[in-house]
Amino acid sequence: MKTAVITVASNMSDKTYDRICNGFAEILGEISFEKVIDDKIIGGFIAEIEGEVFDMSIASQIAKMQKQISN
Amino acid sequence: MEGLVISDAVKDLIINIINIIVLFVIVRGLAYKPVKKFLDARKERVANELSEASEAKQTAEEEALKYKELIEKSKAQSTELINEAEHTAKENAAEIIETAKQKAAEITAKAYQNAEKERENQIAAMKGDITELAFDISRQVLSREVTDEDNMRIADAFFAKYQG
């Protein structure tokens with residue numbers, strides 16, 4: 001069975017976390033989840049499934065914007 | 001014979017005249033030619049000496065003129081050399097000054113260029129620092145301001161993209 005590692009900030013409620021897990025389960029079928037809390041991501045989530053990363057964190061969006069401005 | 005009587009005084013006179021004539025003839029015969037020859041020789045010698053003196057004077061004058069010309073020529077050459085040297089020195093000085101000016105201008109331009117580049121680098125570094133600071137502040141503010149509703153919206157948007 002596939003395992004998805006979901007990284008979220010501590011301000012995320014269980015309801016929102018469940019929404020994320022259900023969303024992935026609908027797409028990928030049977031899958032287990034592992035929750036990691038890291039406040040560095042600020043908001044949103046990062047999902048790592050079988051080596052593939054889905055980065056929807058606010059921190060990564062800010063980093064992209066910063067890179068664009070710096071260039 | 002009475003008619004031929006001559007007084008003693010007249011006799012003496014005649015004898016004296018005859019003596020003088022005889023003496024004149026003798027003296028002329030003996031002394032005139034040598035004396036004339038001596039005088040002619042002296043005259044010729046004096047004339048020669050005068051001629052030589054005149055020639056010497058003329059030669060001396062010619063030499064003096066020649067030396068004067070040489071001196072004038074030397075002076076002219078000296079003046080020309082001095083003028084040429086001054087001209088060359090002025091040209092060299094002008095060239096040196098021009099080269100120095102160009103070098104100074106190049107150094108100044110390079111200094112300005114370096115200063116401008118340094119200023120641009122500093123501005124770029126400052127911009128980078130300011131950007132970094134702004135994003136740090138943004139992160140801190142967002143850490144406080146992001147709500148669970150925001151998280152839900154992000155999740156909905158993500159799955160809408162994959163499920164839609």
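These legends walk through several close-up views of a predicted model with chains A and B.

**View 1. The fold of chain A, with two helices and four strands.** Start here to get your bearings in chain A. Following the sequence, you meet the elements in the order β-α-β-β-β-α. The C-alpha trace of chain A spans about 40 × 25 × 15 Å along its principal axes. Of the 71 residues in chain A, 25% are buried. Take the contacts in chain A between residues at least 6 apart in sequence: 61% of them join residues at least 24 apart.

**View 2. Chain B, with two helices and zero strands.** Chain B has a radius of gyration of 66 Å, well over the 15 Å that the globule rule gives for 164 residues, so chain B is more spread out than a compact globule. Along the principal axes, its C-alpha atoms fill a box of roughly 210 × 30 × 20 Å. Only a small part of this chain is covered, as 2% of the 164 residues of chain B count as buried.

**View 3. Helix 1 of chain B, residues 8-145.** Here is the element to follow from end to end. Its 138 residues reach 192 Å from the first C-alpha to the last, close to the 206 Å expected at 1.5 Å a residue. Look for the kink of about 40° in this helix, centred on B:Arg28. Helix 1 of chain B is hardly covered, and the count of buried residues in it is zero.

**View 4. The meeting of chain A and chain B.** In this view, 20 residues of chain A are in contact with 18 residues of chain B. On the chain A side, the elements that give two or more residues are helix 1 (14-28) and helix 2 (58-70). Helix 1 of chain A gives the most to this side, with six residues. If you sort the chain A residues that touch chain B by type, you find nine nonpolar, eight polar and three charged.

**View 5. B:Asn151, a buried residue in helix 2 of chain B.** The place of B:Asn151 is in helix 2 of chain B. This residue counts as buried because it has 25 C-beta neighbours inside 10 Å, where 20 or more are needed. Leaving aside neighbours within four places in sequence, B:Asn151 is in contact with A:Met12, A:Thr16, A:Gly43 and A:Gly44. For a sense of scale, the C-alpha atoms of B:Asn151 and B:Lys66 are separated by 119 Å, and the two residues are 85 apart along the chain.

**View 6. A:Met56, in touch with residues of both chains.** A:Met56 sits in the loop between strand 4 (52-55) and helix 2 of chain A. With 20 other C-beta atoms within 10 Å, A:Met56 is buried. Beyond its neighbours within four places in sequence, A:Met56 is in contact with A:Gly44 and A:Phe45, and across in the other chain with B:Ile154 and B:Phe158. A:Ile46 is ten residues from A:Met56 in sequence, and their C-alpha atoms are 5.7 Å apart.

**View 7. The largest nonpolar core, with 16 residues.** Nonpolar side chains tend to be buried together in soluble globular proteins. In this core, A:Ile6 and A:Phe45 have the most contacts. Two or more residues come from each of strand 1 (2-8), helix 1, strand 3 (45-49) and helix 2 of chain A, together with helix 2 (148-163) of chain B. Strand 1 of chain A provides the largest share, three residues. Not counting residues up to four places away in sequence, A:Ile6 touches A:Ile20, A:Phe33, A:Glu34, A:Lys35, A:Val36, A:Phe45 and A:Ala47.

**View 8. Two loop residues of chain A with positive phi, A:Ile42 and A:Glu50.** Most residues other than glycine have a negative phi. A:Ile42, in the loop between strand 2 (31-37) and strand 3, has a phi near 70°. A:Glu50, in the loop between strand 3 and strand 4, has a phi near 50°. Is each residue buried or exposed? A:Ile42 counts as buried, with 24 C-beta neighbours inside 10 Å, whereas A:Glu50 is exposed, with 9 other C-beta atoms within 10 Å.

Methods:
Residues numbered from 1 in each chain as written. Chains lettered and ligands numbered in written order. Predicted model: local features only at pLDDT ≥ 70, side-chain atom pairs only at ≥ 80, totals over all residues. Contact = placed C-beta atoms within 7 Å. Nonpolar A, V, L, I, M, F, W, Y, C, P; charged D, E, K, R; others polar. Rg over C-alpha atoms; globule rule 2.2 N^0.38 Å. Buried ≥ 20, exposed ≤ 12 C-beta atoms within 10 Å, placed from the backbone. Expected span 1.5 Å × (residues − 1). Bend = angle between axes of the 7 residues up to and from the residue. Core = buried A, V, L, I, M, F, W, Y, C linked by C-beta atoms within 7 Å.
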